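Here is a short set of exercises to work through with the model open beside you. Try each task before you read its solution.

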Amino acid sequence: MVDAKKPTFKFHCKHPEEDSLSAVAVTKDNEIIVTGDTSGQLKCWDVSDVDFDDQTTENKFIEKYFIIAHRAVINSIQIVEEKNIKSDRFIITASNDCNINIHRLSNGVFIGQFG
């Protein structure tokens with residue numbers, strides 16, 4: 001029987017020590033995790049090879065890219081996915097800098113901003 005209080009695995013998202021993780025989102029297929037922090041940095045992680053039942057898989061969390069998405073804390077991350085179109089997914093982020101930004105999920109390229 002698995003101990004419900006013991007984590008199955010640990011994932012250190014490697015944002016700078018002086019920053020705190022402030023938002024997270026996961027794709028519908030559970031293969032990509034996007035994390036945001038208190039300084040406005042966004043990281044995208046490929047977790048498609050992770051076996052979440054295996055406690056030794058932390059090194060399979062692959063950082064796809066790191067971008068400075070905002071000038072202040074990222075409060076919210078949403079991944080927008082069209083049905084069966086993996087190449088056309090987007091990240092929408094909201095921040096204390098009063099902007100909403102849109103980036104491509106595949107490569108982090110900035111598309112536009114509302115604010």
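**Exercise 1. The salt bridges**

Which residues are linked in a network of salt bridges?

*Solution.* Before starting, note that this is a predicted model, in which local features need pLDDT of at least 70 and side-chain atom pairs count only at pLDDT 80 or more, while totals for chains, interfaces and linings use all residues. Residues are numbered from 1 along each chain as its sequence is written, and side-chain values use heavy atoms, with hydrogens and water left out.

Step 1. Set the criterion: a salt bridge is a side-chain nitrogen of Lys or Arg within 4 Å of a carboxyl oxygen of Asp or Glu. Applying this rule gives three salt bridges.

Step 2. Take R89 and D29, whose side chains form a salt bridge with an N to O distance of 3.6 Å. R89 belongs to strand β6 (residues 85–95) and D29 to the loop between β1 (21–26) and β2 (32–37), so this pair ties together parts that are 60 residues apart in sequence. Strands here are DSSP runs of E with at least two residues, numbered from the N terminus.

Step 3. Look for another partner of R89. E81 forms a salt bridge with R89, and their closest N and O atoms are 3.3 Å apart.

Step 4. Put the pairs together: D29, E81 and R89 make up the network.

**Exercise 2. Burial of the charged residues**

Classify the residues of these salt bridges as buried or partly exposed, and place the pair of E63 and K43 in the chain.

*Solution.* Step 1. Fix the classes: buried means under 20% relative accessible area, exposed over 50%, and partly exposed in between (1.4 Å probe, protein chains only).

Step 2. Begin with the network. R89 has 11% relative accessibility and counts as buried; E81 and R89 are both buried. D29, at 27%, is partly exposed.

Step 3. Move to E63 and K43, which form a salt bridge with their closest N and O atoms 3.5 Å apart. E63 sits in strand β4 (residues 62–68) and K43 in strand β3 (residues 41–46), so the pair links distant parts of the chain, 20 residues apart.

Step 4. Classify this pair too: E63 is partly exposed at 35%, whereas K43 is buried at 7%.

**Exercise 3. The open sheet**

In what order do the four strands of the open sheet stand, and which of them are at the edges?

*Solution.* Step 1. Strands count as paired if DSSP finds at least two bridges between them. The open sheet has the order β1-β2-β3-β4, with antiparallel pairing.

Step 2. Find the edges. β1 and β4 each have a single partner strand, so one side of each is left without a neighbour in the sheet.

Step 3. Follow β1 into β2. Five bridges join these antiparallel strands; V26 has I33 of β2 as its bridge partner, and V24 has T35. The two strands form a hairpin with five residues between them, where N30 in the turn has a positive phi of about 60°.

Step 4. Continue to β3. β2 and β3 also pair in the antiparallel sense, over five bridges, and T35 stands opposite K43 in β3. Their hairpin has three residues between the strands, and G40 takes a positive phi near 95°.

Step 5. Check the cover of β2: six of its six residues are buried. I32, V34 and G36 lie on one side and I33, T35 and D37 on the other.

**Exercise 4. The nonpolar cores**

Which members of the largest nonpolar core touch the most other members?

*Solution.* Step 1. Define the core: a set of buried Ala, Val, Leu, Ile, Met, Phe, Trp, Tyr and Cys residues joined through side-chain atoms within 4.5 Å.

Step 2. Among the 14 residues of the largest core, V34, L42, I77, I91 and L105 touch the most other members. β1, β2, β3, β4 and β5 (74–82) each supply at least two residues, and β5 gives the largest share, three residues.

Step 3. Inspect I91, taking contact as heavy atoms within 4.5 Å. Leaving out residues up to four places away in sequence, I91 touches residues including V34, L42, Y65, I77 and L105.

Step 4. Look for a second, separate core: this one has five residues, among them I33, V47, V50 and F61.
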